[in-house]
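Reader: Please walk me through one part of this model up close. Keep it brisk, and give reasons where there are any.

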Amino acid sequence: GHLVTSRGQEVAYVVGFQPSLSKTHAFVSIFALKQSDVQALGAMSVNVAPVVDAAGLRSAKFCWSELPHANSDLEQVVGLFPVKFFSARLAEGRPHERAVEITIQPEPSS
């Protein structure tokens, strides 16, 4: 998992792949660390894209009108994306590792 700051609040996200759950899809989950941060964060989105061309696959975008917080049931707010988005980290000399590009951003207020 990783931490990022958005609208002055810390947000955590995790990306993973569990073949026993799905052999074709990986997951991304995002959440606020404190319940009091949820309202200040507002609507958020996560965009997942391959680092390199993935046979015509472009990206997957997931939006939340309100992020869950760390004490919530996070299983209900997981975004699934094709495992083909993962690409080998050849440029970094780590061909056994896989990577995706993650963009986390606030959504415009309505």
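Author: Start with a yardstick. A residue is buried when its relative accessible area is under 20%, exposed when it is over 50%, and partly exposed in between. This is a predicted model.

Apply that to R7. Its relative accessibility is 37%, so R7 counts as partly exposed. R7 sits in the loop between strand 1 (2-6) and strand 2 (9-16). Its phi is near 50°, a positive value in a residue other than glycine. Most residues other than glycine have a negative phi.

Now the sheet. Four strands form an open sheet with antiparallel pairing, in the order 5-4-8-7. Strand 5 (60-64) and strand 7 (87-89) are the edge strands, and each pairs on one side only. From one strand to the next, the twist averages 35°. Strands of a sheet pair through backbone hydrogen bonds, either parallel or antiparallel.

Look at one of these pairings. Strand 4 (residues 44-50) and strand 5 run antiparallel, joined by 5 bridges. Across this pairing, V46 stands opposite F62 in strand 5.

Strand 4 also holds S45. With 2% relative accessibility, S45 counts as buried, because the cut-off for buried is under 20%. What does the side chain of S45 make a polar contact with? The partner is the side chain of E107, at 2.8 Å. Leave aside the neighbours of S45 within four places in sequence, and its contacts are K61, F62, C63, T103, I104, Q105 and E107. So F62, which stands opposite V46, is also in contact with S45.

Last, the aromatic rings. A pair of rings is described by the distance of the centres and the angle of the planes. Rings pair if their centres lie within 6.5 Å; planes under 30 degrees apart count as stacked, over 60 as edge-to-face, and the rest as tilted. By this rule there are 2 aromatic pairs. For F81 and F85, the ring centres are 5.9 Å apart and the planes are at 25°, so this pair is stacked. For F81 and F86, the centres are 5.8 Å apart and the planes are at 50°, so this pair is tilted. Together, the ring pairs link F81, F85 and F86 into a cluster.

Are F81 and F85 buried or exposed? F81 has a relative accessible area of 0%, so F81 is buried. F85 comes to 2%, so F85 counts as buried too.

Conventions: Residues numbered from 1 in each chain as written. Predicted model: local features only at pLDDT ≥ 70, side-chain atom pairs only at ≥ 80, totals over all residues. Heavy atoms only, no water. Phe/Tyr/Trp six-rings, centres within 6.5 Å; stacked < 30°, edge-to-face > 60°. Buried < 20%, exposed > 50% of the residue type's maximum accessible area, 1.4 Å probe, protein only. Pairing = 2+ DSSP bridges. Helix = DSSP H or I, 4+ residues; strand = E, 2+ residues; numbered from the N terminus. Axes fitted to C-alpha atoms, helices over the stretch in contact; angles between N-to-C directions. Polar contact = N/O pair within 3.5 Å; in protein donor to acceptor, adjacent residues only side chain to side chain. Contact = heavy atoms within 4.5 Å.
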